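Hi,

Here is the structure I promised to pass on. Have a look at it first, and then read my notes below with the model open beside you.

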Amino acid sequence: MEVELEFGVGAPPHDVAALLMDFEGLPRWHPGIEGWALEGSGAGAVRTYRLGGNPHRERLDERDDRAIRYTILEGPLPLSEFHASYEVRDAEGGSRITWRAAFVVMPQLEPAMGQAAKLLQISTLELLKAHLECGVALV
């Protein structure tokens, strides 16, 4: 299954990308992160944390100045082979973030899991937006 989400942020692409591409820096702007650990650096690094009490493990696959690709190794949703990416582009009034994901899920769960994955990303991107647009000190 594949899902895609477009999200606007009223901040320059350089500022947006600086946070999203910083695989190691998630706890600096996401207030719900607990039990943070990082193994390695660069491509192949694995971050482990808890969010809402749920364990998460993600591997950095690739990144550049405006895009990052990662694999979710463990998370709260019943999904497998979860590969995702963020891309940041210029947009009128700020930036446009595109989040794309592809994963395997039981066919009967596809609509619900596609929506759940999008909702989790929207909540994460709303936190990023508040941090960038309002200077909200989240941590």
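**Salt bridges**

Let's begin with a charged pair: aspartate 90 and arginine 66 form a salt bridge, and their closest N and O atoms are 3.7 Å apart. Aspartate 90 sits in strand β6 (residues 80-91) while arginine 66 is in the loop between β4 (54-63) and β5 (67-74), so this pair ties together parts that are 24 residues apart in sequence. Aspartate 90 counts as exposed, at 57% relative accessibility, and arginine 66 is partly exposed at 33%. Before you go on, keep in mind that this is a predicted model.

Why would two such side chains pair up at all? Side chains of opposite charge can do this when their charged atoms come close.

How many salt bridges does a search of the whole structure find? The answer is ten. Another of them is between glutamate 4 and arginine 100, with 3.2 Å from N to O. Here distant parts of the chain are linked: glutamate 4 belongs to strand β1 (residues 2-9) and arginine 100 to strand β7 (residues 94-104), and the two are 96 residues apart. Are these two buried or exposed? Neither label fits, because partly exposed covers whatever falls between under 20% and over 50%: glutamate 4 has a relative accessible area of 40% and arginine 100 has 35%. There is also a network to look for, since salt bridges that share partners join Glu4, Glu87 and Arg100.

Next, try arginine 69 and glutamate 62, which form a salt bridge with their closest N and O atoms 3.3 Å apart. Arginine 69 is partly exposed, at 32% relative accessibility. Glutamate 62 is in strand β4 and is partly exposed too, at 42%. If you leave out residues up to four places away in sequence, glutamate 62 touches Ala67, Ile68 and Arg69. You can also check the spacing to alanine 45, which is 17 residues from glutamate 62 along the chain: their C-alpha atoms are separated by 10.0 Å.

**Inside the fold**

Now for the buried side of things. The largest nonpolar core has 33 residues, and the ones touching the most other members are Leu20, Tyr86, Ile97, Trp99 and Phe103. Which elements give two or more residues to this core? They are β1, α1 (13-20), α2 (26-29), β5, β6, β7 and α3 (110-134).

Click on phenylalanine 103 and look around. Setting aside neighbours within four places in sequence, phenylalanine 103 is in contact with Met1, Val3, Leu79, Ser80, Glu81, Phe82, Met113, Gly114 and Ala117.

Phenylalanine 7 is another one to try. This residue is in strand β1 and counts as buried, because its 9% relative accessibility is under the 20% cut-off. Not counting residues up to four places away, phenylalanine 7 touches Ser95, Arg96, Ile97, Ile122, Leu125, Glu126 and Lys129. The C-alpha atoms of phenylalanine 7 and threonine 98 are separated by 6.5 Å, although these residues are 91 apart along the chain.

Histidine 56, in strand β4, is buried as well, with a relative accessible area of 10%. Its contacts beyond four places in sequence are Arg47, Thr48, Tyr49, Leu51, Glu74, Gly75 and Pro76.

**The largest pocket**

How much space lies in the largest pocket? About 500 Å³. Its lining is made of 32 residues, and nearest the centre are Tyr49, Glu58, Tyr70, Ile72 and Gln121. The elements giving two or more residues to that lining are α1, α2, β3 (46-51), β4, β5, β6 and α3. Sorted by class, the lining has 20 nonpolar, seven polar and five charged residues.

**One odd backbone angle**

Last, find glutamate 81, which lies in strand β6. What is its phi? It is near 50°, a positive value in a residue other than glycine. That is worth a second look because most residues other than glycine have a negative phi. Glutamate 81 also counts as exposed, at 56% relative accessibility. You have already met this residue above, among the contacts of phenylalanine 103.

Happy exploring!

Definitions and conventions: Residues are numbered from 1 along each chain as its sequence is written. This is a predicted model: local features need pLDDT of at least 70, side-chain atom pairs count only at pLDDT 80 or more; totals for chains, interfaces and linings use all residues. Side-chain values use heavy atoms; hydrogens and water are left out. A salt bridge is a side-chain nitrogen of Lys or Arg within 4 Å of a carboxyl oxygen of Asp or Glu. Helices (H or I, at least four residues) and strands (E, at least two) are DSSP runs, numbered from the N terminus. Buried means under 20% relative accessible area, exposed over 50%, partly exposed in between (1.4 Å probe, protein chains only). Contact means heavy atoms within 4.5 Å. A nonpolar core is a set of buried Ala, Val, Leu, Ile, Met, Phe, Trp, Tyr and Cys residues joined through side-chain atoms within 4.5 Å. On a 1 Å grid over the protein atoms alone, a cavity is a set of points where a 1.4 Å probe fits but cannot get out, and a pocket is an open set with protein on both sides within 12 Å along at least five of seven lines; lining residues have an atom within 4 Å of a point. Grid points are joined across faces, edges and corners, and a volume is the space filled by probe spheres set on the points. Ala, Val, Leu, Ile, Met, Phe, Trp, Tyr, Cys and Pro count as nonpolar, Asp, Glu, Lys and Arg as charged, and the others, Gly among them, as polar.
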